[in-house]
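Welcome! Here are some short exercises to work through with the sequence and the model in view. Try each one yourself before you read the solution.

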Amino acid sequence: MSWPLSFLRGFMAAFLAIPALSACNPNALTEEEKEIVGSLSLASLPALPADPSNRVADDPLAAALGASLFFDTGLSGDGLVSCATCHMIEKQFQDSKPRAVGVSETNRRTMPLAGVGWSPWMFWDGRRDSLWAQALVPMEDAREHGGNRTGYAHFIAEHYRSRYERIFGPLPSLAHLPRNAGPLGTVEERATWSAMRSADRTAIDRVFANIGKAIAAFERSIVPPETRFDRFAAAVASGSEPQGDAVFSDLEMEGLKLFIGKANCINCHNGPRFTDDHFHNTGVSAVPGLPEDLGRAAAVRQALDDPFNCLGPYSDAEPKQCAELRFAVREGEELLRAYKTPSLRGAASRAPYMHAGQFATLEEVIDHYSNAPDAPAGISEIEGVIFTERGRKALIAFLKTLDVPESTTDP
Amino acid sequence: MKWPSRRVVLLAAALLAIIAIGMAAMHLVARPPDDLDLARSKSSANGIYAVSIEPEAEPVEQGKLHSWLVSVTMADGSPATDAIVSIDGGMPEHGHGLPTAPQVTGPLPDGRYRIEGVRFNMGGWWELRFSILSPAGDDEVVFNIVL
């Protein structure tokens, strides 16, 4: 080896080892870092926000009905698909597939549900503004549940009448209404829907909205479970030595410091759910073969136009309570291919990653943030971060401290 | 041992300079300037108005949708009751705007205005820019907020 090269290599190794050495001592967190650790802890999670658009959001009877509906494959066109087909209870309410498969494959990765009641916007692109409005979308998507509105109302009348009526009051008369009709179904179902009287369509829409509201009441009960990180954070907050599995290894400490420090992960993955609930273009590639995906740029209009949104006729909220919708950014380049920051709680065992399952492993995710490629459309917000091999391992080790044991994902 | 050649010294110096610049840049990205003006009462850029801002509830919490109260007076101290106030902002170091589109939701008495729908979704240095339009003139004022 020539002298200049070995000199440079030695110099680089010494330089890059500095952060590693300074992170060896678990007590090496600065006061500022301790404060950030506290802000990420589950102990900082605020109370579940109210959903004024859903008057049964916190009604236990509605949550119980919602749980039954969530797991019932009868709530689908072919009788084979339920919410739990993709939101699998034993897998953090997701399916570990790149893209969800109901009746057929969709264009997006199934999102996990822990802590979903705290999210102001639903779906990767935020195209719905409440959990109940979200729950309705897959039910009418031909690739997901593949059912239709009058079909669902008949199903409720036949299988859940008394439980439904205890919560929402009497079901409308359905005897004269077609078995299969809806505004988003097949050509025939759409024609049948159009031919129905307006009052009947409204009555069906109300039952449909109530199905969503019951499912939402159940989903609000799915909260993020405590992790090793939270036990570590509790010790940091109380000024005591972490004990047992709350002790972080040197590698995990380095990963934590990178995460909240120079890797800038904390910019977007902040707060106790490790998400800023906002939409970002991070330059993730488009999946070949899928239709053009504009992300938030297309979704915000869908949310504003949704008849089941907070300002719509089926919402229980006063217009002034619909702040997210009223103050949503509606246009601008920042929305193009922007997707919601996902929570990192449980992410380590939740491959593949990104909105269409573009990355198979956490290593690939970290390489992406390191390389910071140009976005396929719009402008990526991320700036490349150079990781050492150890730094890369350290970040992954830290993310694993946020992992969720399978048995604790039950609501 | 032989002294390193001139080429190597130059190379090492260049490397050190790059690292120093890189660290300085990282420092800039991570923190706002030390002398950042955090005053909540200011004159507008052309001195037409005196503007004060305060959040409706303290402390301002990261991630939470919240409101600010803006008080606008003329240079002579009289309240600017008929102004059109609009708001914009963002994070100068990240190059992005506000995550929401806050609006004035109705003037209050005495030249005060309520701005609803503000959210700071990240920690760090934020700017809130107010444009004020009244018969007295069109002017702007920028406030810095650090979370």
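**Exercise 1. At what angle do H11(A) and helix H15 (residues 389-400) of chain A pack, and how far apart are their axes?**

Step 1. Bear in mind that this is a predicted model. Two packed helices are described by the angle between their axes and the distance between the axes.

Step 2. For H11(A) and H15(A), the angle is about 95° and the axes are 7 Å apart.

Step 3. Angles of 65 to 115 degrees count as roughly perpendicular, so H11(A) is roughly perpendicular to H15(A).

Step 4. Now look at who touches whom. On the H11(A) side, the residues include A:Leu251, A:Glu252, A:Leu256 and A:Phe259, and among those they meet in H15(A) are A:Gly391, A:Lys393, A:Leu395 and A:Phe398. Sorted by kind, the contact holds eight nonpolar, two polar and three charged residues.

**Exercise 2. How many of the eleven residues of helix H11 (residues 250-260) of chain A are buried?**

Step 1. The cut-off to use is 20 or more other C-beta atoms within 10 Å.

Step 2. By that test, nine of the eleven residues are buried, and H11(A) is mostly covered.

Step 3. The buried residues include A:Met253, A:Gly255, A:Leu258 and A:Ile260, and also A:Glu252, A:Glu254 and A:Lys257.

**Exercise 3. Describe how helix H2 (residues 31-40) of chain A packs with helix H10 (residues 228-238) of chain A.**

Step 1. Their axes lie 9 Å apart, at an angle of about 135°. That angle makes H2(A) oblique to H10(A).

Step 2. As for handedness, H2(A) and H10(A) make a left-handed crossing.

Step 3. H2(A) contributes A:Lys34, A:Val37, A:Gly38 and A:Leu40 to the contact, while H10(A) brings A:Ala233, A:Val236 and A:Ala237. Of the residues in this contact, five are nonpolar, one is polar and one is charged.

**Exercise 4. Is A:Gln92 buried or exposed?**

Step 1. Find A:Gln92 in the loop between helix H4 (83-86) and helix H5 (131-140) of chain A.

Step 2. Count its surroundings: 27 other C-beta atoms lie within 10 Å. Since a residue is buried at 20 or more, A:Gln92 is buried.

Step 3. Look further along the chain, too. A:Ile222 is 130 residues away from A:Gln92 in the chain, and their C-alpha atoms are separated by 9.5 Å.

**Exercise 5. In what order do the five strands of the open sheet in chain B stand, and which strands are at its edges?**

Step 1. Start with S1 (residues 41-43) and S2 (residues 49-55) of chain B, antiparallel strands joined by three bridges. B:Ser41 is opposite B:Ser52 in S2(B).

Step 2. S1(B) and S2(B) form a hairpin with five residues between them, and B:Gly47 in the turn has a positive phi of about 75°.

Step 3. Next, S2(B) pairs with S3 (residues 66-74) of chain B over seven bridges, in the antiparallel sense. Here B:Glu54 has B:Leu69 as its bridge partner, and B:Pro55 stands opposite B:Trp68.

Step 4. The full order is S1-S2-S3-S7-S6, with antiparallel pairing. S1 and S6 (103-108) of chain B are the edge strands, because each has a single partner strand and one side left without a neighbour in the sheet.

Step 5. Finally, neighbouring strands of this sheet are turned by 25° against each other on average, direction ignored.

Notes:
Residues numbered from 1 in each chain as written. Chains lettered and ligands numbered in written order. Predicted model: local features only at pLDDT ≥ 70, side-chain atom pairs only at ≥ 80, totals over all residues. Axes fitted to C-alpha atoms, helices over the stretch in contact; angles between N-to-C directions. Helix = DSSP H or I, 4+ residues; strand = E, 2+ residues; numbered from the N terminus. Parallel < 35°, antiparallel > 145°, perpendicular 65-115°, else oblique. Left-handed = near helix turned anticlockwise from the far one by under 90°. Contact = placed C-beta atoms within 7 Å. Nonpolar A, V, L, I, M, F, W, Y, C, P; charged D, E, K, R; others polar. Buried ≥ 20, exposed ≤ 12 C-beta atoms within 10 Å, placed from the backbone. Pairing = 2+ DSSP bridges.
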